Amino acid sequence: MRYVLGRIGQALIVLLVAFTAAFVLLQAMPGDAIMIKFENPELGLSQEQIAALRESYGADTPLLTQYVHTLFGFLGGDFGYSIQNGTPVKQLLGAVLPNTLLLAVLGFIAAVVLAVLVALLASLPAFAKVAEFIRALPSLFIAVPVFWLAIVLIQVFSFQLRLVPVINPGPIEGLILPVLTLAVPISAPLAQILIRSIDEVRAQPFIAVVRAKGASPWWILSRNVAKNAMLPTLTMAGVLFGELIAGAVVTETVFGRSGIGRITEQAVTNQDTPVLQAVVIVSAFAFVAINLVVDLLYPVLDPRLARTQGRRA
């Protein structure tokens, strides 16, 4: 229980630091989003009306007051209003968040499948002749820029082979290429860690004992090596979720999908700080929550850690 409470406390501190850093950096941005939006001559607003709008957004209050007001607003689920269109930020995020979550979850599942496939092919004796080539694939995957991969996939599968339409696609067809775009770079570090972990576990003495008893390479890999090699990979999977969010921003922009990435790109263009602040905190919360779950799962998956923490308690 002490370990769980400690990890939850650390997660809350990380979220507070992320909120504070995002607030300070957004306030330091050049320009004034409210003035950029409402000083447009086409709107025909007077200086008094613009001043009233600035007051309604709290832009003229001291920074410390804005910080405290924004922090307590976030704690109460109030993310403020978008400067660009006046819509509650909570409503904007609620409309697009399911699309991004679906893309991220499918992209992550595809990345895990691809990483496990690469690691298995690189570790099985049947593929020994091409093992070096397979082991080099993760380095190639991680070196490919997301936007370039998306463009290549569109060119090959949509325009050349005409297998997946990108103009007015169906709900499933519209996910295929974005999911592949996200999965390839995310799978690279997972595959590298998994291959390295498999090599380390296979060098352990107990594997030699199992092999001496006549177990087949596939039996050893699936029953003895895989479970022990999964723990480092699980940690890396939690860390990679941050890259998944960053990749989703680029992917949604390239494929024209409605999601967190699209509204982030629009908010950056318009300097819509309430939207950017909310996106940062929602992304940080997701990242911290997943890593918290991974940390709490560690003692469950490895009884040795549970005993160590029990002695410390």
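Q: Which cut-off decides whether two side chains form a salt bridge here?
A: In this predicted model, a salt bridge needs a side-chain nitrogen of Lys or Arg and a carboxyl oxygen of Asp or Glu. As a general point, side chains of opposite charge can pair when their charged atoms come close. The cut-off for that nitrogen and oxygen is within 4 Å.

Q: How many salt bridges does that rule give, and which side chains meet?
A: Going by that rule, the count is one salt bridge. The N to O distance is 2.9 Å, and the cut-off is within 4 Å. The side chains that meet are those of Asp199 and Arg135.

Q: How far apart in sequence are the parts that Asp199 and Arg135 tie together?
A: Asp199 sits in helix α8, residues 173-202. Arg135 belongs to helix α6, residues 131-143. The pair therefore links parts of the chain whose separation in sequence is 64 residues.

Q: Are Asp199 and Arg135 buried, exposed or partly exposed?
A: Buried means under 20% relative accessible area and exposed means over 50%, with partly exposed in between. Asp199 has a relative accessible area of 31%, and Arg135 has 28%. Asp199 is therefore partly exposed, and Arg135 is also partly exposed.

Q: What is the C-alpha separation of Asp199 and Ile134?
A: Asp199 is part of helix α8. Along the chain, Asp199 and Ile134 are 65 residues apart. In space, their C-alpha atoms are separated by 14 Å.

Q: How many helices and strands does the protein have?
A: Reading from the N terminus, the elements run α-α-α-α-α-α-α-α-α-α-α-α-α. That pattern goes with zero strands. The helix count is 13.

Q: What box do the C-alpha atoms fill, and what share of the residues is buried?
A: Taken along the principal axes, the C-alpha box is roughly 85 × 60 × 30 Å. The protein has 313 residues. The buried share of them is 38%.

Q: Among contacts between residues at least 6 apart in sequence, what share joins residues at least 24 apart?
A: The pool here is contacts between residues at least 6 apart in sequence. Within that pool, the share joining residues at least 24 apart is 72%.

Q: How are α5 and α11 oriented to each other?
A: In general, two packed helices are described by the angle between their axes and the distance between the axes. For α5 (residues 89-123) and α11 (residues 260-270), the axes come within 8 Å and cross at roughly 130°. Roughly perpendicular covers 65 to 115 degrees, and roughly antiparallel starts over 145. The two helices α5 and α11 are therefore oblique.

Q: Which residues meet where α5 contacts α11, and how do they divide by type?
A: From α5 come Leu93, Val96, Leu97 and Thr100. They meet Ile260, Gly261 and Ile263 in α11. By type, this contact has five nonpolar, two polar and no charged residues.

Q: Where does UniProt list "transmembrane region", and what is the helix content of residues 140-163 and 175-195?
A: The unreviewed UniProt entry gives residues 101-128, 140-163, 175-195, 231-255 and 275-301 under that heading. The end C-alpha atoms lie 25 Å apart for residues 140-163 and 29 Å apart for residues 175-195. Neither stretch has strand, at 0% for residues 140-163 and 0% for residues 175-195. The helix content is 79% for residues 140-163 and 100% for residues 175-195.

Q: What is the phi of Arg162?
A: Arg162 lies in the loop between α7 (146-160) and α8. Arg162 is exposed, at 69% relative accessible area. Its phi is positive although the residue is not glycine, with a value near 55°.

Q: Is Ala229 buried or exposed, and which residues does Ala229 contact?
A: Ala229 lies in helix α10. Its relative accessibility is 0%, so Ala229 counts as buried. Leaving aside neighbours within four places in sequence, the contacts of Ala229 are Leu194, Ser197, Ile198 and Val201.

Q: Which residues does Val239 touch?
A: Val239 is also placed in helix α10, residues 217-255. At 41% relative accessible area, Val239 is partly exposed. Not counting residues up to four places away in sequence, Val239 touches Phe287 and Asn291.

Conventions. Residues numbered from 1 in each chain as written. Predicted model: local features only at pLDDT ≥ 70, side-chain atom pairs only at ≥ 80, totals over all residues. Heavy atoms only, no water. Axes fitted to C-alpha atoms, helices over the stretch in contact; angles between N-to-C directions. Helix = DSSP H or I, 4+ residues; strand = E, 2+ residues; numbered from the N terminus. Parallel < 35°, antiparallel > 145°, perpendicular 65-115°, else oblique. Contact = heavy atoms within 4.5 Å. Nonpolar A, V, L, I, M, F, W, Y, C, P; charged D, E, K, R; others polar. UniProt positions renumbered as here; feature names shortened; annotations may be inferred. Buried < 20%, exposed > 50% of the residue type's maximum accessible area, 1.4 Å probe, protein only.
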